[in-house]
Amino acid sequence: MDALGVNPLLALGSHIFFIGVSFFALQAIMPQAIIRKNRVFQTQLLFIMLSIAIGSLVSNFFLDISYWSGRLPFIFG
């Protein structure tokens, strides 16, 4: 099934999904207390980069859990 490109599509979809979720979650932060005034573009860029970093880490975690849980039957079989 890997020859059909299912795993890369699953990974790409997972990364995009978790980047979106982390961007949504970061919207709850009030950056006014820690970001200088009139730095809107830099704040938005920081939010985008943080959401990519957090989303990629979470996505890799879930993809690894999925991969390793799929390999468990080979230990006992």
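In the predicted model, Phe62 counts as partly exposed, with a relative accessibility of 43%. This residue belongs to an aromatic pair with Phe18, and the pair is stacked, with the ring centres 5.2 Å apart and an angle of 0 degrees between the planes. The pair links distant parts of the chain, since Phe18 is placed in helix α1 and Phe62 in helix α2, with their positions 44 residues apart in sequence. The two partners fall into separate classes of accessibility: Phe18 is buried at 18%, because this value lies under the 20% limit, whereas Phe62, at 43%, is partly exposed.

The stacked pair is part of a broader aromatic arrangement, in which Phe17, Phe18, Phe61 and Phe62 form one cluster. Of these residues, Phe61 is located in helix α2, as is Phe62, while Phe18 is contributed by helix α1. The count of aromatic pairs in the model comes to four. One of them is formed by Phe18 and Phe62, as described above, and another is formed by Tyr67 and Trp68, whose rings meet edge-to-face at 4.9 Å centre to centre, with 75 degrees between the planes. Tyr67 is partly exposed, with a relative accessibility of 40%, and Trp68 is exposed, because its relative accessible area of 55% is over the 50% limit.

Phe61 and Phe62 also take part in a nonpolar patch on the surface, which further includes Leu46, Leu50, Ile54, Val58 and Ile65. Together, the residues of this patch have about 580 Å² of accessible area. Phe62 is therefore a member of the surface patch and of the aromatic cluster, in keeping with its classification as partly exposed at 43% relative accessibility.

Ile54, one of the patch residues, is also in contact with Ser22, as are Ser51 and Gly55, when neighbours of Ser22 within four places in sequence are left aside. Ser22 is situated in helix α1, which spans residues 6–26, and is buried, because its relative accessibility of 7% is under 20%.

Other positions in helix α1 are more open to the surroundings by the computed classes: Ala25, which lies in this helix, is partly exposed at 48% relative accessibility, and Gly13, likewise in helix α1, is partly exposed with a relative accessible area of 38%. The C-alpha atoms of Ala25 and Phe62 are separated by 18 Å, with the two positions 37 residues apart along the chain.

The loop between α1 and α2 holds Asn38 and Arg39. Asn38 is not a glycine, and yet its phi is positive, at about 60 degrees; this residue is exposed, with a relative accessibility of 77%. Arg39, by contrast, is partly exposed, with a relative accessible area of 34%. Distances from this loop to helix α1 were also computed between C-alpha atoms: Asn38 and Gly13, which are 25 residues apart in sequence, are 35 Å apart in space, and Arg39 and Phe18, at 21 residues apart in sequence, are 26 Å apart in space.The backbone oxygen of Arg39 is reached by the side chain of Thr43 at 2.7 Å. Thr43 is found in helix α2, which covers residues 40–76, and is buried, because its relative accessible area of 15% is under 20%. Apart from residues up to four places away in sequence, Thr43 touches Pro31 and Ile35.

Conventions: Residues numbered from 1 in each chain as written. Predicted model: local features only at pLDDT ≥ 70, side-chain atom pairs only at ≥ 80, totals over all residues. Heavy atoms only, no water. Helix = DSSP H or I, 4+ residues; strand = E, 2+ residues; numbered from the N terminus. Buried < 20%, exposed > 50% of the residue type's maximum accessible area, 1.4 Å probe, protein only. Polar contact = N/O pair within 3.5 Å; in protein donor to acceptor, adjacent residues only side chain to side chain. Contact = heavy atoms within 4.5 Å. Patch = residues over 30% accessible without salt bridge, like charges linked within 9 Å, V, L, I, M, F, W, Y side chains within 5 Å. Areas by Shrake-Rupley, 256 points an atom, 1.4 Å probe, with all protein chains shown as cover. Salt bridge = Lys/Arg side-chain N within 4 Å of Asp/Glu carboxyl O. Phe/Tyr/Trp six-rings, centres within 6.5 Å; stacked < 30°, edge-to-face > 60°.
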